[in-house]
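Me: I would like to go through the labels attached to this model and see what each one rests on. Please set each value against its cut-off.

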Amino acid sequence: MSQELNSIIHELAEIDSASARIMQKTQDKKTKYAEYIQQQKVAFDKKLDEQIDVEVARFEKELEIESAQELKDFQETCQQEISKLDSFYQQKGNSLAEEIFNNIIKE
């Protein structure tokens, strides 16, 4: 009977040892998987940051082009208005000056 008890104890020890090895392998796999997930997260974040940087740069370039065009259009409009005013002054400047002078003298 003692032999059978020793055999059972030995078998239980082997089962316990096998169980510990399985638990250690499971823990190792879990650790490796967590590292893999962390690497994937870092890679995803890096790729996302790069995509965002590209989109921001594209948007800034578009905005710069749009602003430059609006500034050019505004300058052209201002120049046209200045030309109109200059032309008006050339045509009617003397008569306006006389009219202003006469209005001042009347008072």
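Reply: A helix here is a DSSP run of H or I with at least four residues, numbered from the N terminus. Ser7 has its place in helix H1. The model is predicted.

Me: How many helices and strands does the protein chain have?

Reply: The protein chain has one helix and zero strands. Helix H1 covers residues 2-106.

Me: Why is Ser7 called partly exposed?

Reply: Partly exposed lies between under 20% (buried) and over 50% (exposed) relative accessible area. Ser7 has 39% relative accessibility, so Ser7 counts as partly exposed.

Me: What makes Phe44 exposed?

Reply: The cut-off for exposed is over 50%. Phe44 is at 53% relative accessibility and therefore counts as exposed. Phe44 is placed in helix H1.

Me: Why do Ala34 and Glu50 count as partly exposed?

Reply: Ala34 is at 45% relative accessibility, and Glu50 is at 42%. Neither value is under 20% or over 50%, so both residues are partly exposed. Ala34 is found in helix H1, and Glu50 has its place there too.

Me: Which residues form the negative surface patch, and what makes them negative?

Reply: The patch is formed by Asp45, Asp49, Glu50 and Asp53. Asp and Glu count as negative, so these residues carry that label. A patch residue needs over 30% relative accessible area; Glu50 is at 42% and therefore passes that cut-off.

Me: What makes Phe44, Leu48, Ile52 and Val56 a nonpolar patch?

Reply: Val, Leu, Ile and Phe are among the side chains taken as nonpolar, and such side chains are joined within 5 Å. Phe44, Leu48, Ile52 and Val56 form the patch on the surface, with about 350 Å² of accessible area together. Phe44, at 53%, is over the 30% needed, so Phe44 qualifies on area.

Me: How do you know that the protein chain is not a compact globule?

Reply: The globule rule is 2.2 Å times the number of residues to the power 0.38. For 107 residues a compact globule would have a radius of gyration near 13 Å, whereas the protein chain has 44 Å, so the chain does not fit the rule. Along its principal axes the C-alpha trace spans about 140 × 30 × 10 Å. The C-alpha atoms of Ala34 and Leu63, 29 residues apart along the chain, are separated by 43 Å.

Me: What share of the residues is buried?

Reply: Buried residues, those under 20% relative accessible area, make up 1% of the 107 residues.

Terms used: Residues are numbered from 1 along each chain as its sequence is written. This is a predicted model: local features need pLDDT of at least 70, side-chain atom pairs count only at pLDDT 80 or more; totals for chains, interfaces and linings use all residues. Side-chain values use heavy atoms; hydrogens and water are left out. Patches are made of residues with over 30% relative accessible area and no salt bridge: like charges are joined within 9 Å, nonpolar side chains (Val, Leu, Ile, Met, Phe, Trp, Tyr) within 5 Å. Accessible areas come from the Shrake-Rupley method with a 1.4 Å probe; for residues, only the protein chains shown count as cover. A salt bridge is a side-chain nitrogen of Lys or Arg within 4 Å of a carboxyl oxygen of Asp or Glu. The place of a charge is taken as NZ of Lys, CZ of Arg, CG of Asp or CD of Glu. Helices (H or I, at least four residues) and strands (E, at least two) are DSSP runs, numbered from the N terminus. Buried means under 20% relative accessible area, exposed over 50%, partly exposed in between (1.4 Å probe, protein chains only).
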